Amino acid sequence: MTDNGNLYADLSGYYDQFCAEVDYAEQCAFAERAFDCFGASDGRDYLDLACGTGQHLLHMLRRGFVGTGLDNSAAMLELAEARCPAARFLLCDLAAFEQAAEFDLITCFLYSIHYSHPTSALQQTLLRAWRALKPGGLFLFNTVDAGGISNQRSTITSVVDGEQRLSFESGWRYRGEGETLDLLLGITRESPAGGLKRWTDHHTMTAISLLQLQNMLTDIGFEVTLLEHDYQRLLPWNGKSFNALVAARRP
Ligand SMILES: C[S@@+](CC[C@H](N)C(=O)[O-])C[C@H]1O[C@@H](n2cnc3c(N)ncnc32)[C@H](O)[C@@H]1O
């Protein structure tokens, strides 16, 4: 078991199956609608933070964006490059990129913003996103309020791949206080040749409230709109949901 490494390094080949139920096309259609609605820059220069294997990038390239993907895992970036040869890639920590006024749209999906840990690193990530945006550019990401984290383990998905059956579990743990959010992942592979094999993975993430996050963004200078966590519609946040989409524009 490694910390923040297993699924994104040794097991990166399983990542897309792990995410088989994520509707990347729907999320990217949402991203473009939100960009049209809340963004105020004319270009199509796009950066995906924590891009993983490049699934969002691919859909955004198809939508006419010029793409750059950032991730701190070389194994994930190798897969992303194979998927999106037209894109540019940055092997870099979320809190360390140094682009200036280059992008019209920056996204960070699948709650990956929480990988910026601790809170001081998250603050750096938000600041660097601000600097990397052109005036009028939009930073779009999803987030969970620490107060709404359920400690129940849940099975995400189970897929049959040739002779093997793979089952993927994921669950957050939060102690109810402090800035650490634990993400626990489990992968089980069952095959006639290999028998039963199980890997577990522990990822340290940042726990934050929506209010705290909103304040951090507005202190940097972003104009923030909170939306319901619904990729089919652009709905204002209802003030109660623990999951939200954040549209933060650099004026
Ligand atoms: C849950 S995956 C999301 C991947 C992709 N956005 C998607 O939706 O499929 C999280 C990604 O964040 C990357 N990551 C984790 N911590 C990071 C950090 N501190 N800086 C940059 N990338 C990081 C991992 O390597 C992994 O590719």
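**Entry 1. Helix 6**

I count a residue as buried if 20 or more other C-beta atoms lie within 10 Å of its own. The model I am reading is a predicted one. With that cut-off I looked up helix 6, residues 210–220, and found Leu210, Leu213, Gln214 and Leu217 buried. Viewed down the helix axis, these buried residues fall within an arc of 100°, so they line one face of helix 6. I recalled the general geometry here: an α-helix has 3.6 residues a turn, so residues three or four places apart point the same way.

I then turned to the opposite face. Leu211, Asn215 and Asp219 are the exposed residues carried on the face of helix 6 that is turned away from its buried side. For the covering elements I noted that they include helix 5 (119–132), strand 5 (133–144), strand 10 (223–228) and strand 11 (243–249). Directly after helix 6 comes Gly221, and its phi is positive, near 120°.

**Entry 2. Leu213**

I selected one residue of helix 6, Leu213, for a closer reading. Leu213 has 26 other C-beta atoms within 10 Å, which means that it is buried. Leaving aside neighbours within four places in sequence, I find Leu213 in contact with Thr143 and Ile208. I also recorded the C-alpha separation between Leu213 and Val246, which is 9.6 Å for two residues 33 apart along the chain.

**Entry 3. Helix 4**

I repeated the procedure for helix 4, residues 74–83, where Met76, Leu77 and Ala80 are buried. These three cover an arc of only 95° around the axis, which puts them on the same side of helix 4. The face turned away from that buried side carries the exposed residues Ala74 and Ala82. As packing partners of the buried residues of helix 4, I list helix 1 (15–18), helix 3, strand 2 (66–71) and strand 3 (88–91).

**Entry 4. Backbone exceptions**

Before checking the torsions I noted the general expectation: most residues other than glycine have a negative phi, and most peptide bonds are trans. I then recorded the following exceptions.

- Ala50 has a positive phi, near 55°, although it is not a glycine. I place Ala50 in the loop between strand 1 (45–49) and helix 3 (55–62). Ala50 counts as buried because it has 25 C-beta neighbours inside 10 Å.
- Tyr111, also a residue other than glycine, has a positive phi near 60°. Tyr111 sits in the loop between strand 4 and helix 5. With 17 C-beta neighbours inside 10 Å, Tyr111 counts as partly exposed.
- His117 and Pro118 are joined by a cis peptide bond, with omega about 0°. Pro118 belongs to the loop between strand 4 (103–108) and helix 5.

**Entry 5. The ligand shell**

Which residues come nearest to the ligand? Of the 18 residues around the ligand, I read off Ala50, Gly52, Asn72, Ser73 and Tyr115 as the nearest. Sorted by class, the shell contains nine nonpolar, seven polar and two charged residues. Ala50 is thus listed here as well as among the positive phi values.

**Entry 6. The nonpolar core**

I looked up the largest nonpolar core and found that it has 63 residues. The members that touch the most others are Leu57, Leu105, Ile106, Phe139, Leu140 and Ala247. I followed Leu140 further: neighbours within four places in sequence aside, its contacts are Ala31, Ala34, Leu105, Thr107, Leu245 and Ala247.

**Entry 7. Ser170**

Next I examined Ser170, which lies in strand 7, residues 164–173. Ser170 has 18 other C-beta atoms within 10 Å and is therefore partly exposed. Ser154, Ile156, Leu183 and Leu185 are its contacts once neighbours within four places in sequence are left aside. For Ser170 and Ile156, 14 residues apart in sequence, I noted a C-alpha to C-alpha distance of 6.4 Å.

**Entry 8. The whole chain**

I closed with the overall figures. The protein has six helices and 11 strands. Its radius of gyration is 18 Å, close to the 18 Å that the globule rule gives for 251 residues, so the protein is as compact as a globular protein of that length. Taken along the principal axes, the C-alpha atoms fill a box of roughly 55 × 45 × 30 Å. I find that 38% of the 251 residues count as buried. Among contacts with a separation of 6 or more, 64% are between residues 24 or more positions apart.

Key:
Residues numbered from 1 in each chain as written. Predicted model: local features only at pLDDT ≥ 70, side-chain atom pairs only at ≥ 80, totals over all residues. Buried ≥ 20, exposed ≤ 12 C-beta atoms within 10 Å, placed from the backbone. Helix = DSSP H or I, 4+ residues; strand = E, 2+ residues; numbered from the N terminus. Arc of directions from axis to C-beta. Contact = placed C-beta atoms within 7 Å. Near = placed C-beta within 6 Å. Nonpolar A, V, L, I, M, F, W, Y, C, P; charged D, E, K, R; others polar. Core = buried A, V, L, I, M, F, W, Y, C linked by C-beta atoms within 7 Å. Rg over C-alpha atoms; globule rule 2.2 N^0.38 Å.
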